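This briefing walks through a single protein chain, topic by topic, for a reader who wants to check each point against the coordinates.

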Amino acid sequence: MGTAGPGAGGTAPTLVVTDSGYHRPMDLRGTISPDRPLLVLAIAEEAAYLDVELPVLLTGMGKVNAAAAVAATLARFPAPSVLVNLGTAGALHPGWTGTHEVGAVLQHDLDTDFIRRLTGQTVGAPLALGDGPTLATGDQFIADDDARAALGRRAHLVDMEGYAVASTAHAFGVPVRVVKQVSDEAGAGADRTWKESVDGCARLLADWVRDNLPAAPHH
C-alpha cells in the first residue's frame, strides 16, 4: 500500500494497493468529515452519477479489496456519520428488481458452521443490519443457475463486497448501511446482463442517494 496523504481533514490521497502483481489505485474522492456519510462502491461505473458533494471511496472488486480499502480509509481519516455501501447485486429469486436496503449480510464462500464445529470458534458469522433482504457476499460472480438456486435458499441478493464493507465498518465502530440495485438474475447470462445494465443501475443508485442522504453542509 502506498503512502497516506495529509492528516485528518486534509486533501484526500490516492492510496495504492497491490493486485495480482501490479499497482491499482484505491480512489478516495472528496473529504471525509463526521457530519457527512461516506459512500463506498467497488468500481467507477457504479458511481458515475453520484452527487459530488459527498465523499466517495472506490475500493476495487471483491472482499479483500473492499475490506482493505475501508480499513485503510477509516484508520487515516475522521469517521464519517455513516458508511453507505452502494452497488449492484444479482437477484436470487424471480421477480426481484429495484433498489434494496439490506437487512442482513453473510459470506456464501466461507463455511462458518464447519469452522465452528472444527475449532469451536465463530468466524465470519452473518451480520444483522436492520430490516430488509439478506445479501450473500463472496468472491465469485454468480452466473450459473445451480449456484443461484443453492444461494437462494440462504439469501435474496448476491454481491462481491457488501459483507466485507459492513464487517470492517463494525470493527471500527462506524454505522453502516448497505444498499444494492438489482442488475441481473445471477443465473446463466448474468455477466452479459450486468454489462448492459450497470449504467442504468448507477443512475438509480444516485437517485437513492439524493432521496435518502441529503448532503450536510461541509465547513
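Buried here means a relative accessible area under 20%, exposed means over 50%, and partly exposed covers what lies in between. The model is a predicted one, and the chain in it has 5 helices and 11 strands. Of its 219 residues, 48% count as buried. The points below begin with the chain as a whole and then turn to one helix, one strand, the nonpolar cores, one leucine and the salt bridges.

**The chain as a whole**

- Among the contacts in the chain with a separation of 6 or more, 72% are between residues 24 or more positions apart.
- The chain exposes about 10200 Å², and carbon and sulfur atoms supply 53% of that area.

**Helix α4**

- Helix α4 spans residues 162-171 and is largely enclosed by the rest of the structure, because 7 of its 10 residues are buried.
- The buried residues of α4 are Gly162, Tyr163, Ala164, Val165 and Ala166, together with Thr168 and Ala169.
- Glycine 173, which follows α4, has a positive phi, near 70°.

**Strand β3 and its neighbours**

- In a regular strand, side chains alternate between the two faces of the sheet.
- Strand β3 (residues 38-41) is covered on both faces, with Leu38 and Val40 buried on one side and Leu39 and Leu41 buried on the other.
- Strand β5 (residues 83-91) pairs with β3 in the parallel sense over 3 bridges, and asparagine 85 is the bridge partner in β5 of valine 40.
- Strand β4 (residues 56-58) also runs parallel to β3 and is joined to it by 3 bridges, with valine 56 in β4 serving as the bridge partner of leucine 39.

**Nonpolar cores**

- The largest nonpolar core has 29 residues, and those with the most contacts inside it are Val40, Leu57, Val70, Leu83, Val105 and Leu135.
- The elements that give two or more residues to this core are the strands β2 (22-29), β3, β5 and β11, and the helices α1 (63-76) and α4.
- Valine 70, one of the residues with the most contacts inside that core, touches Val40, Leu57, Thr59, Leu83, Val165 and Thr168 when residues up to four places away in sequence are not counted.
- Two of the residues that valine 70 touches, Val165 and Thr168, are also among the buried residues of α4.
- A second core, separate from the largest one, has 16 residues and includes Ala47, Leu86, Val179 and Trp208.

**Leucine 106**

- Leucine 106 has its place in strand β7 (residues 104-107) and is buried, with a relative accessible area of 9%.
- Leaving aside residues up to four places away in sequence, leucine 106 touches Pro126, Thr134, Leu135, Ala136, Thr137, Arg154 and Tyr163.
- Of the residues in that set of contacts, Leu135 is also named among those with the most contacts inside the largest core, while Tyr163 is one of the buried residues of α4.
- The C-alpha atom of leucine 106 is separated by 9.5 Å from that of valine 158, a residue that is 52 residues away along the chain.

**Salt bridges**

- The count of salt bridges comes to 5, and the following points describe some of them.
- Aspartate 159 and lysine 180 meet through their side chains in a salt bridge, at 2.9 Å from N to O.
- Aspartate 159 lies in strand β10 (residues 157-159) and lysine 180 in strand β11 (residues 176-184), so this pair ties together parts that are 21 residues apart in sequence.
- Aspartate 159 is buried, with a relative accessible area of 4%, and lysine 180 is buried as well, with a value of 1%.
- Aspartate 27 forms a salt bridge with arginine 29, and their closest N and O atoms are 2.8 Å apart; aspartate 27 is partly exposed at 22% relative accessible area, as is arginine 29 at 37%.
- Arginine 203 and aspartate 199 form a salt bridge through their side chains, at 3.5 Å from N to O, and both lie in helix α5 (residues 190-212), 4 residues apart, about one turn of the helix.
- Arginine 203 counts as partly exposed at 43% relative accessibility, and aspartate 199 likewise counts as partly exposed at 37%.

Terms used. Residues numbered from 1 in each chain as written. Predicted model: local features only at pLDDT ≥ 70, side-chain atom pairs only at ≥ 80, totals over all residues. Heavy atoms only, no water. Buried < 20%, exposed > 50% of the residue type's maximum accessible area, 1.4 Å probe, protein only. Contact = heavy atoms within 4.5 Å. Areas by Shrake-Rupley, 256 points an atom, 1.4 Å probe, with all protein chains shown as cover. Salt bridge = Lys/Arg side-chain N within 4 Å of Asp/Glu carboxyl O. Pairing = 2+ DSSP bridges. Core = buried A, V, L, I, M, F, W, Y, C linked by side-chain atoms within 4.5 Å.
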